[in-house]
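Student: I would like a close look at the cysteines here, and then at whatever else stands out around them. Please go slowly.

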Amino acid sequence: MTEHRDVLLKGGRLLDPSSNLDGVGDLLIRNGKVEALGGTIGTPDGAEVINCAGQVVSPGFVDVHCHLREPGREDVETILTGARAAAAGGFTAVCAMPNTDPVTDNQAAVGFVLKQGRAANAARVYPIGAISIGQQGERLAEFGEMVHAGAVAVSDDGRPVVSAQLMRTALEYARTFGIPVADHCEEPTLAAGGAMHEGFVSARLGLKGIPAEAEEIMAIRDILLARLTGGHVHLCHMSTKGSVELIRWGKERGIPVTAEACPHHLSLTDAAVEGYNTNAKMNPPLRTAVDVEAVQQAVKDGTIDVIATDHAPHHNDDKQREFSDAPNGIIGLETALAVNVTWLVKSGIISLGTLIERMACAPARLFGLPGGTLRRGTAADITVFDPDQAWTVDPKAFLTKGRNTPYGGRILHGRVGCTLVDGRIVFKTMG
Amino acid sequence: MSAPLGKDLLGLEHLSAEQITLILDTAEPLREISERAIKKVPTLRGATVVNLFFEASTRTRISFEFAEKRMSADTVNVATSASSVIKGETLVDTAKNLEAMKIDMVVIRHASSGAARFLAERIESNVINAGDGTHEHPTQGLLDMLTLRRRFGTLVGKRVCIVGDVLHSRVARSNIWGLTKLGAEVAVCGPRSLLPTAIADFGVQVFDRVEQAIEWADALNVLRLQLERMTAGYIPSLREYNRVFGITRERLDRAPRDILIMHPGPMNRGVEIDSEVADGPHSVILDQVTNGVAVRMAVLYLLAGNAPALAEAARKATADD
């Protein structure tokens, strides 16, 4: 019933790079699809009207990289809480990484994630299957069956694919199914025991560092294997100047490489670790100002295709411990838009249009997902947000179970007012 | 003047030159207490100090315990080794339990960098860092500085080279911060595999060859070379380390001036330092140990919120007891 109620988004700035759309107008949703858009649209009988004056109406954001922890750690996140947090952050679709317990490395596990995602009735949840069985880096998982069950990509994220031969095989085999192979780039012997970026801050704090080269060595290996195989390699959470230079090198040669960066790597440096702040501990670690600037520029010029959150909730008990023993990862679904607006758009590095391209259009396109567009006739996965609204980050107010954010107490700009999936309102704060 | 150092002593990086000088000046008269037949002043009578050692230590723990007892504090020693899995919970819970027992000060030694600060942020008691991971060991840095200052009169312009495994050394970090704040010139020397890649950012000179360090320095602080560094592959062998970086009589004989030799202990004789040097005329290694007690007394005293001027008075008053 409510599913089929018409929704009229009235007077917002319709901004959709996928159809070169940027102008104030109305957008009508009927039967879950974009029925009409642009200009003034009369209110159909019984339609819910949302006044979007001063708001941006954008294709819903798509996160190709998050950790929803179910099955295994339902105490820190479930697919339900994660999907709701995603909707609150303006995401209409998220891709769940397979490093669950048990690992999402078979068709039954993929089906479970999909089922829980549908039941959540919030952002769409797409499973990513493991590259190797148990993420052990030894035997390929059954890509075909997982894709048939609904997986949209494969990744051993959280762990790098150490064996170059396995990575080669994965890239070759994935071609049959037309899915990207997403890799967590980290040379494990260089990174072993590391707790933060290797530099002056790590030397001062007495913490074992992870050099930028640990990421870059694997990035170039993967790019070269993509050249060898013709398979689509997607490099997760790129964080260093060297990495983006290598990706640029690969793209200039037509190698099928795409890459993502995370809001935290676009906004914070390793200085955030000062005081042994475990909410600034993640992998890859926060890097230097030079790296942040280089990755920002790569987002601008398209070397970095998508911005993904790497949302990684952890229990407070796990984070409240000595830095070297605390787990890696921070939450990101409910701050991604604001961090990106604050550090990238307000600072003049990219336009709102480019931000929407990186957060909505490109991720949907690269992972072959519905959405990422406002085109007429497509599913109405839409985010309405106010890019100027300032708000103070209060971790206690998040819908995610995680509280592990380095942005707590910060004043950020850009707030989601309403999120619609299939034309249904799954999150709304605006009047 | 109350609590001139703040609540805790976690490291030397964030202390001012004035605060460091205050500790050293306070330590000077306190040295004398340990020379007496009755080595005790009532300064910290009624105060409870917990020595919380999560990592094996003999000399630092004993030095702190002497310092506490000579100031008449009540002390409790807790030596606990925790597996890395339960460490975090143990430390949070330990903090809460200690606080509930109404103690005044905690001296903590822990294998994780930042552990002392972690504890300090969670309890109201004063916390003294007795070595946290590879971060800092401030009282060791202070006793090294007191030793040098007593020999040289001043640290200004004096050249001190730290030799060895700087990468894993909390002593090195505390030395670098403290010495540079007090005007000394600081250098480090060791295999590059045992120096932080960002070492130059500390504002120190770097020598690749120990011969260059010896030619340059007024004093060498020779770090302990742990056997694990060889098994972990940082250096090929202890034997070669001694041949390339060992502080030997032969090397020191070629120095253009007398060089003071320090070592934070425990020594690996024949590895980073030869016995002839350790026991030789220019070694101040045992002075360091003596000064360690005085420096720790000074830190306890200052953190307890006492005015430094009273240190001398307290000594005088009790000298007649």
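How many disulfides does the structure hold over all chains?

Tutor: Over all chains there are zero disulfides, a disulfide being a pair of cysteine sulfur atoms within 2.5 Å. Cys66(A) takes part in none, and the nearest cysteine sulfur, in Cys95(A), is 7.3 Å away. A disulfide is a covalent bond between the sulfur atoms of two cysteines. Cys66(A) is buried at 0% relative accessibility; buried means under 20% relative accessible area, exposed over 50%, and partly exposed in between, with a 1.4 Å probe and protein chains only. Cys236(A) has its closest cysteine sulfur in Cys185(A), but at 7.3 Å that is too far for a bond. Cys236(A) is buried too, with a relative accessible area of 1%.

Before going further, note that this is a predicted model, in which local features need pLDDT of at least 70 and side-chain atom pairs count only at pLDDT 80 or more, while totals for chains, interfaces and linings use all residues. Residues are numbered from 1 along each chain as its sequence is written, chains are lettered from A and ligands numbered from 1 in the order in which they are written, and side-chain values use heavy atoms, with hydrogens and water left out.

Next to Cys236(A) in the numbering comes His237(A), which has a positive phi of about 25 degrees although it is not a glycine. His237(A) sits in the loop between strand S13 (233-235) and helix H8 (241-252) of chain A; helices (H or I, at least four residues) and strands (E, at least two) are DSSP runs, numbered from the N terminus. His237(A) is buried, at 2% relative accessible area. Asn20(A) also has a positive phi, about 50 degrees, without being a glycine. The loop that holds Asn20(A) runs between strand S1 (7-16) and strand S2 (21-30) of chain A. Unlike buried His237(A), Asn20(A) is exposed, with 74% relative accessibility.

Most residues other than glycine have a negative phi, and most peptide bonds are trans. Two cis peptide bonds can be looked at here. One joins Asn283(A) and Pro284(A), with omega about 0 degrees, and Pro284(A) is in the loop between strand S14 (257-261) and helix H9 (289-301) of chain A. The other runs from Gly265(B) to Pro266(B), with omega near -10 degrees. Pro266(B) belongs to the loop between strand S9 (260-262) and helix H11 (275-278) of chain B.

Cysteines come up again in chain B, around Ala213(B) in helix H7 (residues 210-216). Ala213(B) is buried, at 0% relative accessible area. Setting aside neighbours within four places in sequence, Ala213(B) is in contact with Cys161(B), Cys189(B), Phe207(B) and Leu220(B), contact meaning heavy atoms within 4.5 Å. By C-alpha positions, Ala213(B) and Leu119(B) are 38 Å apart in space and 94 residues apart in sequence.

In chain A, helix H11 (residues 336-345) is largely enclosed by the rest of the structure, because ten of its ten residues are buried. Among them are Ala336(A), Asn340(A), Thr342(A) and Trp343(A).

Now to where the chains meet. The contact takes 28 residues from chain B and 16 residues from chain A. Together the two chains bury about 1700 Å², 50% of it on carbon and sulfur atoms; buried area is the accessible area (1.4 Å probe) that two parts lose on being put together, summed over both. His110(B), in strand S3 (residues 105-110) of chain B, is buried at 1% relative accessibility. The side chain of His110(B) makes a polar contact with that of Glu322(A), at 3.1 Å. A polar contact is a pair of N or O atoms within 3.5 Å; within protein, one must be able to donate a hydrogen and the other to accept it, and residues adjacent in sequence count only if both atoms are side-chain atoms.

The count between chain B and chain A is one salt bridge, that is, a side-chain nitrogen of Lys or Arg within 4 Å of a carboxyl oxygen of Asp or Glu. Its partners are Arg204(A) and Glu13(B), 2.6 Å from N to O. On the side of chain B that touches chain A, the elements giving two or more residues are helix H3 (87-100), helix H4 (115-120) and helix H6 (170-181). H3(B) gives the most, with five residues.
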